[in-house]
Amino acid sequence: MKIIALNKSASYEYFIEDKYEAGIVLEGSEVKSLRAGRASLGESFCEIRGGEVFLKNMHIALYDKSGAFSTRDSRKDRKLLLHREEIAKIVGKVNERGYTLVPLKIYFKEALVKVEVALCKGKHTYDKKRSLMERDIKRETDRALKEFNR
């Protein structure tokens, strides 16, 4: 499994509850650009319209060798491929207050491009501060254990 892009801010901004693996509808030049690692999930999010899930605002750079016919938008909406039961479960949770669907990473699984999306609940500022504090404490204890084992 080769990871193409990660959404690092998702674990900081949200409590991750459920994860789903979804396929994504792409064009050939987009796959070639992904193979070169030219994608970003920084500001992307998922939207549910008409019983289908779409990934919005994900940036895939234009493939430079695709020629003059590739004048598409690099941030267009891309359809995610999920099972009907998974979509129904996600819609039920998203309609509750505070839940959202966030993409976590894009990766190759054998020859297919997959997107890991998560059902998340937003964190408050005090939760974010607590997670930063826990990360700092873990880093300090790891450092101390490394020094002790020398």
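This note goes through the pocket, one helix, the nonpolar cores and one buried strand residue of a predicted model.

1. The largest pocket. The space in the largest pocket comes to about 160 Å³, and its lining is made up of E21, A22, G23, I24, L26, V31, L81, A111, L112, V113 and K114. Two elements, β2 (14-24) and β9 (112-122), each give two or more residues to that lining, and the largest share, four residues, is the contribution of β2. In character the lining divides into eight nonpolar residues, one polar residue and two charged residues.

2. Helix α2. Within helix α2, which spans residues 28-35, the buried residues are S29, E30, S33 and L34. These residues lie on the same side of α2, because the arc that they cover around the axis is only 145°. The elements covering the buried residues of α2 include β1 (2-6), β3 (39-40), β6 (59-60), β7 (78-81), β8 (99-109) and β9. After α2 comes G37, a residue with a positive phi, near 80°.

3. The largest nonpolar core. This core contains 25 residues, and L80 and I106 are those with the most contacts inside it. Two or more residues are given to this core by each of β1, β2, β5 (52-56), α3 (84-94), β8 and β9. Setting aside residues up to four places away in sequence, L80 touches A22, G23, I24, C46, V53, L55, V115 and V117. Among these partners of L80 are A22, G23 and I24, which also belong to the lining of the largest pocket.

4. The second core. Separate from the core just described there is a second one, of five residues, which includes V102, L104, A118 and C120.

5. Residue A118. A member of the second core, A118 is found in strand β9, the element that also gives two or more residues to the lining of the largest pocket. How far is A118 exposed or buried? With a relative accessible area of 0%, A118 is buried, since the cut-off for a buried residue is under 20%. Once its neighbours within four places in sequence are left aside, A118 is in contact with I16, D18, K19, T100, L101, V102 and L104, and of these contacts V102 and L104 are included with A118 in the second core. As for V91, which is 27 residues from A118 along the chain, the C-alpha atoms of the two residues are separated by 13 Å.

Methods
Residues numbered from 1 in each chain as written. Predicted model: local features only at pLDDT ≥ 70, side-chain atom pairs only at ≥ 80, totals over all residues. Heavy atoms only, no water. 1 Å grid on protein atoms, 1.4 Å probe; cavity = no way out; pocket = protein on both sides within 12 Å on 5 of 7 lines; lining within 4 Å. Points joined across faces, edges and corners; volume = space filled by probe spheres on them. Nonpolar A, V, L, I, M, F, W, Y, C, P; charged D, E, K, R; others polar. Buried < 20%, exposed > 50% of the residue type's maximum accessible area, 1.4 Å probe, protein only. Arc of directions from axis to C-beta. Contact = heavy atoms within 4.5 Å. Core = buried A, V, L, I, M, F, W, Y, C linked by side-chain atoms within 4.5 Å.
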